[in-house]
Amino acid sequence: MDLLQKLLNIVLLPLSLTAILFLLAPFLFLKYLFSLSRNICSENVADKVVLITGASSGIGEHIAYEYARRGAVLALVARREDRLRIVANKARELGSPEVIVIRADVSKDEECKQFVHKTVNHFGRLDHLVNNAGVIRVDFFEDSTDIASIMDINFWGSVYSTHYAVPHLRKSKGKIVVISSVAAWLCTPRLSFYSASKAAQICFFESLRAEFGPDIGITIVTPGVTESEMTQGQFLPKVEMPWMPTEPTERCAKAIVDSTCKGDMYLTKPSWMRVGFWMRVLCPEVFEWCLHSMLVIRPRTHQNKDR
C-alpha cells in the first residue's frame, strides 16, 4: 500500500496535467454545445411553487421579483413580516399568481419544518427551494462575539430547510438554489466566520448533489459584493476593500434564476471573480500576495485591560 501511494504521488499529477492539456479544448467545445442546448430547453417556472428564505430584502427580494415576472407562485420567508408583505405585494404586481408570507427564523429547526409544511399544505407541492437567508459580521477574530449565530443562520438554516424540503422536491424533480458567496474561497480579513459558514455550505451541498444524482438539481451561487442591506454603508471600508465594485442586485437575481432554470451546477456573479478562484487553486502563493497587496490591512489596536 505504501508503494502504491508513492507511485500515485509521482505519476498521477503529471498524467493528469497531460490529460487536461489534450482534453481541455474538446471539453470546452462540448460544454459550449451543452450550454446552448440548456438555453433552448430552459425550465418554464410559470405556476411552479418557489420557496425563498431571506426574501425581505437584498438578493432574496429580487429573486422573488424575478420568479414573479416568470409567473411562479411564491412562499416568502423571513423574520421581518412587514417587509415581506411589501415584497409580496410587488411580486403580485409583477405577475405572480399567488404569494404567501411566512414569518420564521431559519436558525430554528422547528420553524424550518413549519414553513416547508405550510408551503406544501397551501400549494400542494414544492418545485424550487432558494436557500438565501444569511447574515454577515465584520470583525477581527479576537473581537468576535455571538459567534455561533453566523453558522446557525448561514449554514444550519440552509441545512434545516433542505432537510424538510427534500421529500417534496424528489416528487416534483425540483431544484435547490444555494446562495453562498465568493467569500468561501476569497478569504479576506475580518470575515473569518462568514467565510467559514459559506465554505461549509458549499461543501455540504456538493455532497448532497452527489447523493441526489438527477433526482434534485442543485445550483450553487457565489455572488461577489452585491448591492444589499448587508453591504451598504461602511461594509467595504470595514473589510478594507473600498476599491471593490458592487454588482446591481437586480442583475444578480436575474442571472441566478436564469442559471437555475438552465440547470447550471455553479454560478459566480460577476463572472470575472472566477479568476480569483483559479489563482487560488493553481498558484496560492501569488493569490495570497495579490490579496494582501490589494487590501489595506490596518493593524489591530490592542488595549491593555489590566489597568
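**Figure 1. A close-up of Asp47 in the loop between α1 and β1.** Asp47 counts as exposed because its relative accessibility is 56%; exposed means over 50% relative accessible area, buried means under 20%, and partly exposed falls in between, using a 1.4 Å probe and protein chains only. The loop that holds Asp47 runs between α1 (2-40) and β1 (49-53). Helices (H or I, at least four residues) and strands (E, at least two) are DSSP runs, numbered from the N terminus. Phi of Asp47 is near 70°, a positive value in a residue other than glycine. Most residues other than glycine have a negative phi, and most peptide bonds are trans. One thing to know before going on: this is a predicted model, where local features need pLDDT of at least 70 and side-chain atom pairs count only at pLDDT 80 or more, while totals for chains, interfaces and linings use all residues. Residues are numbered from 1 along each chain as its sequence is written, and side-chain values use heavy atoms, with hydrogens and water left out.

**Figure 2. The protein chain as a whole, for orientation.** Count along the chain and you'll find 10 helices and 7 strands. Of its 307 residues, 46% are buried. Take the contacts with a separation of 6 or more, and 72% of them are between residues 24 or more positions apart; a contact here means heavy atoms within 4.5 Å. The accessible surface of the chain is about 16,800 Å², and carbon and sulfur atoms own 60% of that. Areas like this come from the Shrake-Rupley method with a 1.4 Å probe, and for residues only the protein chains shown count as cover.

**Figure 3. Asp127, in the loop between α4 and β4.** Look for Asp127 in the loop that joins α4 (109-123) to β4 (128-131). Asp127 has a relative accessible area of 2%, so it counts as buried. A polar atom of the Asp127 side chain lies 2.8 Å from the backbone nitrogen of Val49. That fits the idea of a polar contact, a pair of N or O atoms within 3.5 Å; within protein, one must be able to donate a hydrogen and the other to accept it, and residues adjacent in sequence count only if both atoms are side-chain atoms. Leaving out residues up to four places away in sequence, Asp127 touches Lys48, Val49, Leu169, Ser172, Gly174 and Lys175.

**Figure 4. Ser161 in helix α5, and a cavity beside it.** Ser161 sits in helix α5 (residues 147-172). Its relative accessible area is 0%, so Ser161 is buried. Setting aside residues up to four places away in sequence, the contacts of Ser161 include Thr53, Val106, Cys112 and Phe115. Cys112 is itself buried, because its relative accessibility is 0%. Ser161 and Gln114 are 47 residues apart in sequence, yet 9.6 Å apart in space, C-alpha to C-alpha. How many cavities of 30 Å³ or more does the structure hold? There is 1, and the largest cavity has a volume of about 30 Å³. Among the residues lining the largest cavity are Thr53, Val106, Asn131 and Ser161. Helix α5 gives the largest share of that lining, 4 residues. For the record, on a 1 Å grid over the protein atoms alone, a cavity is a set of points where a 1.4 Å probe fits but cannot get out, and lining residues have an atom within 4 Å of a point. Grid points are joined across faces, edges and corners, and a volume is the space filled by probe spheres set on the points.

**Figure 5. Ser181, in the loop between β5 and α6.** Ser181 belongs to the loop between β5 (175-179) and α6 (192-212). Ser181 is buried because its relative accessibility is 7%. A polar atom of the Ser181 side chain lies 3.0 Å from the backbone nitrogen of Ala183. Not counting residues up to four places away in sequence, Ser181 touches Tyr194, Lys198, Val221, Thr222 and Pro223.

**Figure 6. Arg69 in helix α2.** Arg69 is part of helix α2 (residues 58-69). At 48% relative accessibility, Arg69 is partly exposed. The side chains of Arg69 and Glu66 are joined by a polar contact of 3.3 Å.

**Figure 7. A cis peptide bond at Pro270.** The bond from Lys269 to Pro270 is cis, with omega near 0°. Pro270 itself lies in the loop between β7 (266-269) and α9 (274-282).

Definitions and conventions: On a 1 Å grid over the protein atoms alone, a cavity is a set of points where a 1.4 Å probe fits but cannot get out, and a pocket is an open set with protein on both sides within 12 Å along at least five of seven lines; lining residues have an atom within 4 Å of a point.
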